[in-house]
Structure formats: structure tokens, C-alpha cells
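Visitor: I should like to learn how strands, sheets and the helices packed on them are read from a model. May we work through one together?

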Amino acid sequence: MLDMPNRPALPPEIARRRTFAIISHPDAGKTTLTEKFLLFGGAIQMAGQVRAKGEARRTRSDFMKMEQERGISVSASAMSFEYGQYRFNLVDTPGHSDFSEDTYRTLTAVDAAIMVIDGAKGVESQTRKLFEVCRLRDLPILTFCNKMDRDSRDTFEIIDEIQESLAIDVAPASWPIGMGREFVGAYDLIHDRLEIMDRADRNRVAESVKIDGLDDPRLADHIPPGLLAKFREEIEMARELLPAFDRQAFLEGHLTPIWFGSAINSFGVKELMDGMGEFGPPPQPQTAAERQIAPEETPVTGFVFKVQANMDPKHRDRVAFVRLASGHFQRGMKLLHVRSKKPMAVSNPVLFLAADRELAEEAWAGDIIGIPNHGQLRIGDALTEGEALRFTGIPSFAPELLQSVRAGDPMKAKHLEKALMQFAEEGAAKVFKPMIGSGFIVGVVGALQFEVLASRIELEYGLPVRFEGSQFTSARWVQGPKAEMDRFANINKQHIATDHDGDMVFLTRLQWDIDRVQRDFPDLRLTATKEMM
Ligand code: GDP
């Protein structure tokens, strides 16, 4: 992730785009922050409109309800809005840890991430996991330390924890003054400004006071003497001990700037947004098996990173979320669907603007568009103006939990198959059809997914189903010379299945079995991930 000096300048429409995700541990304030982004981006009129989502996640049954009331969560999958000279595309990552695979794929569609941490809790487990995924892709990360209006940890302690536990340099972009009830605001170290929090109106942006450096006597007009002395001391220490902001190190993923604020009080949010605009990366080149795709290339290319089926249960539609990798897309364009080698007229693409979706008349590299379709578009698929590209890096993980599934009514087995295939293509589960016997084995990463699936199959297809324990606990994709795969399958019939793409899978209970196969069939490869394309 570099600003390569020998790359041509991006067209202004592309250069102003910032496509990013927010990662955090549940409760740190992601929903609140998202809402304030939309508010300051003019996409919603008042806070509270996306509230339903954050609260819906609280309990398991609420979560299922949210899944059913898909309208809310879906329109929030990708949100586009203008902010000053910038166009922001905020891609939502599913909050629940059971959907980590979905999250992983979402992160293949963004160029940067904002990491939100709770000032009292620091780096929590889910933050750490998501951070590791970002690191795999060297994504630049901006950090927002939230809830400074509450009793928080000492500023140095928070920074130390991030540096130590995530092994990344932290450069303060702002410095908090006081905390909890004494929280005054923060000093913007990049622009030498004092930002004062307005406690009276939560949706008002902080008052900003221009300051001529830290010796400016005007500081005393706004900060009580005790806090001011402490603040001056801390800043001196920070300048000595902590790295200064370095854009290149940030773009390479080695350093994260940190802002301190309070999302609920709208404090520090604008500074963070300004930081994303000013320092965040414009759309980056994307990797295909054949070559790198630069955003400024004229032909339009893009890849599907998420498919959401039955967004509107009355209409059985499916929306494929496409990240545009290059070019200037216009509505009505005919694109090549590389996997099927068929042309596809994209006549009703949608853009997601907060709570609404809107026809996308045009879009540029970096944007996320939704393409309604009847199942042709799958995760990993490429769309181009003719070139046979295969985008890489969108993985499918072997499920960690397997169960067999049956329709309550045996006569409905065919319907069940159709429903399962649809969810498999959507990426909501892995579906394996065993070589022997009837029925299906469904694989997921987190147990909650079984419940969500059962409820969606019933709701969307009118099919009550039963999930039951399976004798298998792991699945591995099998690859190798055809003759060797056939020989292997013949000897291990009870363990062989095919996934929804027809690829061979070895189902087993024991790691020992997997090791044995590798020993007995050295020409075969058993893998726990498969690239979706
Ligand atoms: P999410 O789970 O990360 O999406 O977190 P939410 O945005 O739903 O916030 C979790 C809880 O923290 C909610 O009750 C919010 O009202 C509260 N919250 C969010 N930001 C702040 C903040 O700046 N200060 C305080 N005191 N509470 C906050």
C-alpha cells in the first residue's frame, strides 16, 4: 500500500474517494460513530436513524430479528456520502464474531480501516482479530479512542497497549485534556487547535479555537489550571517518547494515528473524518491473477465481495456488492461476466446512501455498487469490459462446525437443496452433498449461523428444517491429478462430498485422517481455504 511516485496522478474523481471499513469490538461505539459520519456527511438529518442496528445486536433473538428485518442491516452494508471535497464509501463489517468470514471478505473491498476502541477497555479480543486481518493486507489504520467523556485509562497507557499488543507504532493526532466528568476536549496536534466539547448539544460539532502552539496564553482561557499543567507535561513527554505522524509509515500499515473523542457527543469525529480525507489512501491497485489493476485504467473492472439474497423477501432479489477496481462506470454498461463468459447489461445498479438505495447513474474506481441479479453473480466473480481477469485474495475458509440438515417434510428435499445452494452462493454457509446417501451437510464458522440459517430457510422458503449433529468435524478441499482424485474418492466414499461449485471435499473427524491422506496420497493437496472465483 504505497503512494508509488512513478504512478500517474489519479483522475480527480478517483483521487477524492476514500473507501474504508470500521473495525471494533462490540459496544466500543461503531454504530454511534457511523451515525455521526452520516450526519456530518449530510446523509441523514438527525442522529438515531441507524440506531436500530446497534441495539438489535444485543441479544441472540434480537439478532435473528434483525436478520429478518433485513432492510436495516442491508442498506447499511455500504454507505456512500460526500464529506467536503471527498467522497466516502463506508463498508459495514458484520459486528458479530460468528461472521468473521464475511468480515474478512468485506475487508478485501476497502483501502483503509478505522479502528474504534473504548477508552476504558482498550484493545479487546474482537478488535485484535480484525486488526490481524487488516494487517494481512497491510491496510492503513486510523484509530479512534472513544468514550473519553467517561473515566478512561491514562492516555499513555492506552497508546502503549496498542503498540504492545498490536505491534504497530502509534502517533497521537490529538491529545485529550482531562477525562470523564472533567473532560474538556482535545488538542489537535496536527493543526495546532484546541477543540472544546459541547456537552449541551450532542450533535453539535466542537468549538474550535486556533492556538499558536502550546505556549499560547489563550489555552488558560479554556482549560482549568490543574489540567493545563498536566496537559503541558504530557505533551512534552509525548513528543519525546512517541513517534510523530508519518504518512508513508501510515500508508504502509506500520503506524496508526490516534484521535481521542466521544462519538456520542460528536466530539473528535470531524477531526477523524478530516484525517481520513487528508491522509487516507485513494483507491489502491487491486490484484488479479493475471496482473495488477490500477484504478486509473480506463476500462471498468470490479469484483463481487458480498452477495445478499432476499433483501426484500417479497421479491426474491439478490444484490451482489461490487467493488470497482478501475474505470468510470455508467449505468447501462455491458460488462463481461468473466466466470460465465457472458455479457451482462448492468441497467439497475444501486448505490447505498444511508437508509436509502438509489440508482447509480455512474460510479468510479473505489466505489461500491450493488447489482441486483438472479443468482449469476457470486462472491469472487469479476466484471470487466472484456478482459478475462481473476481477482485474487478473496478466500473461502473451511467451516469449523458441521451439521446435517433435513427438511421437516421429506417431500420438500428438492426445495431444501435450492435454498441451501442459494445460501452457499451468498457465502452464508458451506453446503456439501455427500457422495453416499441423501441429505446435505452444512458447514459454518460460528454456531449462531445454524440458527440464522434455519430461521431464514423457514422465513424465505417456507421450509421448516432440522439441523442435527454430523459425524464429521472438519472439511478439506481436495486438489490434484484427476486420476489420483478418483482413486482417492473410490477408497473413501463415505468421506467424500462436493461443494456447491462441484469441487471435491474430504469430510473427516480427525486431524489424524488428514495427515494420513497426505502421507498415502502425496500428489493430492488438502486445503482449508479455497479462493472463490
Ligand atoms: P457498537 O456495538 O460498537 O456499534 O457500539 P454502539 O455505537 O452501539 O455503542 C455502544 C454503547 O456505548 C451505546 O450505549 C452508546 O450509546 C454508547 N456510546 C457510544 N459512544 C459513546 C461515547 O462517546 N460516550 C459514552 N459515554 N457512551 C457512548
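The dialogue below takes up strand pairing, burial and helix packing in turn.

Guide: This is a predicted model, in which local features need pLDDT of at least 70 and side-chain atom pairs count only at pLDDT 80 or more, while totals for chains, interfaces and linings use all residues. Residues are numbered from 1 along each chain as its sequence is written.

Visitor: In what order do the strands of the eight-stranded open sheet lie?

Guide: Helices (H or I, at least four residues) and strands (E, at least two) are DSSP runs, numbered from the N terminus. Two strands pair if DSSP finds at least two bridges between them. Here the order is S28-S25-S27-S26-S30-S31-S29-S32, with antiparallel pairing. Strands S28 (465-469) and S32 (525-527) are at the edges with a single partner strand each, so one side of each is left without a neighbour in the sheet.

Visitor: How many bridges pair S29 with S32?

Guide: Strand S29 (residues 474-479) pairs with S32 over three bridges in the antiparallel sense. Val478 has Leu526 of S32 as its bridge partner.

Visitor: Which strands does helix H13 touch?

Guide: Contact means that the C-beta atoms of two residues, placed from the backbone, lie within 7 Å. Angles run from 0 to 180 degrees between N-to-C directions, with axes fitted to C-alpha atoms, for helices over the stretch in contact. Helix H13 (residues 413-426) touches S25 (401-407), S26 (430-434), S27 (440-444) and S28, and its direction makes about 135 degrees with that of S26. Helix H14 (residues 448-461) lies across S25, S27 and S28, at about 155 degrees to S28.

Visitor: Is strand S5 enclosed or open to its surroundings?

Guide: A residue is buried if 20 or more other C-beta atoms lie within 10 Å of its own, exposed if 12 or fewer, and partly exposed in between, with C-beta atoms placed from the backbone. Six of the six residues of S5 (residues 141-146) are buried, so this strand is largely enclosed by the rest of the structure. On one side the buried residues are Ile141, Thr143 and Cys145, and on the other Leu142, Phe144 and Asn146.

Visitor: Which strands run parallel to S5?

Guide: Strand S4 (residues 112-118) is joined to S5 by six bridges, with Ile114 opposite Leu142. Strand S11 (residues 255-260) is joined to S5 by three bridges, and Cys145 stands opposite Phe260.
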